[in-house]
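Trainee: Could you walk me through this one? I'd like to go question by question.

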Amino acid sequence: MPPLNADERVNLESWLDFYRATLAMKCEGLTEEQLRTASVAPSPLTLLGLVQHLAEVERNWFRRVLTGEEAPAIYAGKAEPAGHDEGFGLSGESSFETARNTWQDEISRARANCASRSLDDTAPFMGGEVSLRWIYTHMLGEYARHDGHADFIRERIDGSTGV
């Protein structure tokens, strides 16, 4: 649970960590086959795909955008067209252990890239500037939306609901 009374930086970081932990919890205790189970036809959305996607999203915002790093897509060409925010598709070689480790590595890099920056620090984006504050806010929305997807997928798999 994020702190109930904290400064803006701690609030943003804590809520982002809360949503990251929620996704991890939604994946706990499931088999590889269950993690590859699609939500509802015709959607191919899976918990494994969400973890892969969020690794791509972390890489995009906290490495490519924030620091300008030339970090190639992780999952491009494996099961879908190249894209900075893809990762939803699964290939025969996709595994949850690998995806989780990659995701956790991207989270660690994100934390390191943000540690010395102010919320007001900016980076070039789409012909303008984007602040770290905006990136955190965007990431909160991204994770909240996908944690909702994860809720539905997990409920379909084994009936588990809640945070």
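Trainee: Where is the place of Glu69?

Mentor: Keep in mind that this is a predicted model, where local features need pLDDT of at least 70, side-chain atom pairs count only at pLDDT 80 or more, and totals for chains, interfaces and linings use all residues. Residues are numbered from 1 along each chain as its sequence is written, and side-chain values use heavy atoms, with hydrogens and water left out. Helices (H or I, at least four residues) and strands (E, at least two) are DSSP runs, numbered from the N terminus. With those labels, Glu69 sits in the loop between H3 and H4.

Trainee: Is Glu69 buried or exposed, or something in between?

Mentor: The scale is relative accessible area, with a 1.4 Å probe and protein chains only: buried is under 20%, exposed is over 50%, and partly exposed is in between. Glu69 comes out at 31%, so the class is partly exposed.

Trainee: And which residues is Glu69 in contact with?

Mentor: Contact means heavy atoms within 4.5 Å. The C-alpha atoms of Glu69 and Arg59 are separated by 9.4 Å, for two residues ten apart along the chain. Setting aside neighbours within four places in sequence, the contacts of Glu69 are Arg63, Arg64 and Arg109.

Trainee: How do H3 and H4 run, roughly parallel or roughly antiparallel?

Mentor: Axes are lines fitted to C-alpha atoms, for helices over the stretch in contact, and angles run from 0 to 180 degrees between N-to-C directions. Helix H3 (residues 47-67) packs on helix H4 (residues 96-115) at about 25 degrees, with the axes 9 Å apart. The cut-offs are under 35 degrees for roughly parallel, over 145 for roughly antiparallel, 65 to 115 for roughly perpendicular, and oblique for the rest. So H3 and H4 are roughly parallel.

Trainee: How do the residues of the contact of H3 with H4 divide by class?

Mentor: H3 brings residues including Leu48, Leu54, Glu58 and Phe62, while H4 brings others, among them Trp103, Ile107 and Arg109. For the classes, Ala, Val, Leu, Ile, Met, Phe, Trp, Tyr, Cys and Pro count as nonpolar, Asp, Glu, Lys and Arg as charged, and the others, Gly among them, as polar. The split for H3 with H4 is twelve nonpolar, four polar and six charged.

Trainee: What about H1 and H4, at what angle do they pack?

Mentor: Helix H1 (residues 8-27) is roughly antiparallel to H4. Their axes are 12 Å apart, and the angle is about 175 degrees.

Trainee: How many charged residues does the contact of H1 with H4 have?

Mentor: On the H1 side you'll find Arg9, Asp17, Arg20, Leu23, Ala24 and Cys27, facing H4 residues such as Phe96, Trp103 and Arg111. The count is nine nonpolar and no polar, and the charged ones number four.

Trainee: With which handedness does H1 pass H3 in its crossing?

Mentor: The axes of H1 and H3 come within 10 Å and cross at roughly 155 degrees, so these helices are roughly antiparallel. A crossing is left-handed if the near helix is turned anticlockwise from the far one by less than a right angle, and right-handed if clockwise. For H1 over H3, the crossing is left-handed.

Trainee: Which residues in H3 meet H1?

Mentor: By class, the contact of H1 with H3 has eight nonpolar, no polar and three charged residues. H1 offers Leu16, Arg20, Leu23, Lys26 and Cys27, and their partners in H3 are Leu47, Leu50, Val51, Leu54, Glu58 and Phe62.

Trainee: Which residues does Ser14 touch?

Mentor: Ser14 lies in helix H1. Its C-alpha is 20 Å from that of Arg63, which is 49 residues apart in sequence. Not counting residues up to four places away, Ser14 touches Pro2 and Pro3.

Trainee: How many disulfides does the structure hold?

Mentor: Cys27 is buried at 2% relative accessibility, and Cys114 is buried with a relative accessible area of 2%. A disulfide is a pair of cysteine sulfur atoms within 2.5 Å. The number of disulfides here is zero.

Trainee: Which residue has a positive phi although it is not a glycine?

Mentor: Look in the loop between strand E1 (122-125) and strand E2 (128-131). The residue there counts as exposed, at 73% relative accessibility. Its phi is about 50 degrees, and the residue is Met126.
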